[in-house]
Amino acid sequence: MELPAALPPSWRRLYPSPLLFPYHIIPENYVHWIETPESHIFSVDLPGVRKEEIKVEVEDSTYLIIRTVAIDESSEPAKSFMRKFRLPGMVDIGGISAGYENGVLTVTVPRSFRRREFLIDPADAPARVEIAARAA
């Protein structure tokens, strides 16, 4: 069996250095998000950051914001960090908890198993509703 004279070069010869494709490098603001049947768990590595510099908040009952802030105006946090996540629809916002241990922040957002129901009070409904539609 004869081999062709010109074999295509392998990827190893084209890109010998792993630094050209740094797939092993994790971005600085990476947050690990785990979804379990009971909750959503967000885990963030924040080495060197003090507990007082971390702020976890919920905005408009829709977004979870994790960030570092300066304690006073003369200092900067050890690491500048800010991430914003859109929360799923079925979560218990009042049950959100956060813990910071050994440089790792863990935020737990429990799921809500109740369906959101929209109730309209009959007193608030108008007596008559007019709908205008064009005929085809």
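# Exercises on strands, core and salt bridges

Lys55 in E3 has Arg67 as its bridge partner in E4. The model is predicted: local features need pLDDT of at least 70, side-chain atom pairs count only at pLDDT 80 or more, and totals for chains, interfaces and linings use all residues. Residues are numbered from 1 along each chain as its sequence is written, and side-chain values use heavy atoms, with hydrogens and water left out.

**Exercise 1. Describe the open sheet of 3 strands.**

Solution.
- Step 1: fix the terms. Strands (E, at least two residues) are DSSP runs numbered from the N terminus. Two of them pair if DSSP finds at least two bridges between them.
- Step 2: get the order. The strands follow E3-E4-E5, with antiparallel pairing.
- Step 3: find the edges. E3 and strand E5 (82-86) are the edge strands, and each pairs on one side only.
- Step 4: read the twist. From one strand to the next, the average is 15°. Axes here are lines fitted to C-alpha atoms, and angles run from 0 to 180 degrees between N-to-C directions.
- Step 5: count bridges. E3 and E4 run antiparallel and are joined by 6 bridges.

As background, strands of a sheet pair through backbone hydrogen bonds, either parallel or antiparallel.

**Exercise 2. Trace the open sheet of 4 strands and place its bridge partners.**

Solution.
- Step 1: write the order. The sheet runs E1-E2-E7-E6, and its pairing is antiparallel.
- Step 2: mark the edges. E1 and strand E6 (97-101) are the edge strands; each pairs on one side only.
- Step 3: add the twist. The average from one strand to the next is 15°.
- Step 4: take E1 with E2. Strand E1 (residues 31-35) pairs with strand E2 (residues 39-45) in the antiparallel sense, over 5 bridges. A hairpin of 3 residues joins E1 to E2. Ile34 stands opposite Ile41 in E2.
- Step 5: take E2 with E7. Strand E7 (residues 104-110) runs antiparallel to E2, with 7 bridges between them. Asp45 has Val104 as its bridge partner in E7. Ser39 has Pro110 as its bridge partner in E7.

**Exercise 3. Find the residues with the most contacts inside the largest nonpolar core, and the elements that supply it.**

Solution.
- Step 1: define the set. A nonpolar core joins buried Ala, Val, Leu, Ile, Met, Phe, Trp, Tyr and Cys residues through side-chain atoms within 4.5 Å. Buried means under 20% relative accessible area, exposed over 50%, and partly exposed in between (1.4 Å probe, protein chains only).
- Step 2: size it. The largest core has 15 residues, and Phe42, Leu64 and Ile66 have the most contacts inside it.
- Step 3: assign elements. E2, strand E4 (63-68) and E7 each give two or more residues. E7 gives the largest share, 3 residues.
- Step 4: inspect Phe42. Contact means heavy atoms within 4.5 Å. Neighbours within four places in sequence are set aside; the contacts of Phe42 then include Val31, Trp33, Leu64, Ile66, Phe85, Leu105 and Val109.

**Exercise 4. Sort three of the 5 salt bridges by partners, distance and exposure.**

Solution.
- Step 1: state the rule. A side-chain nitrogen of Lys or Arg lies within 4 Å of a carboxyl oxygen of Asp or Glu.
- Step 2: take Arg111 and Glu35. Their side chains meet in a salt bridge at 2.6 Å, N to O. Arg111 lies in the segment after E7 and Glu35 in strand E1, so the pair ties together parts 76 residues apart in sequence. Arg111 is partly exposed at 26% relative accessible area, whereas Glu35 is exposed at 56%.
- Step 3: take Arg50 and Glu52. The closest N and O atoms of this salt bridge are 3.8 Å apart. Arg50 counts as partly exposed at 45% relative accessibility. Glu52 is exposed, with a relative accessible area of 56%.
- Step 4: take Glu57 and Arg67. Here the closest N and O atoms are 2.7 Å apart. Glu57 sits in strand E3 (residues 54-59) and Arg67 in strand E4, 10 residues apart; the pair links distant parts of the chain. Glu57 counts as partly exposed at 24% relative accessibility, and Arg67 counts as partly exposed at 27%.
- Step 5: extend to the network. Lys55, Glu57 and Arg67 are joined into one network by salt bridges that share partners.
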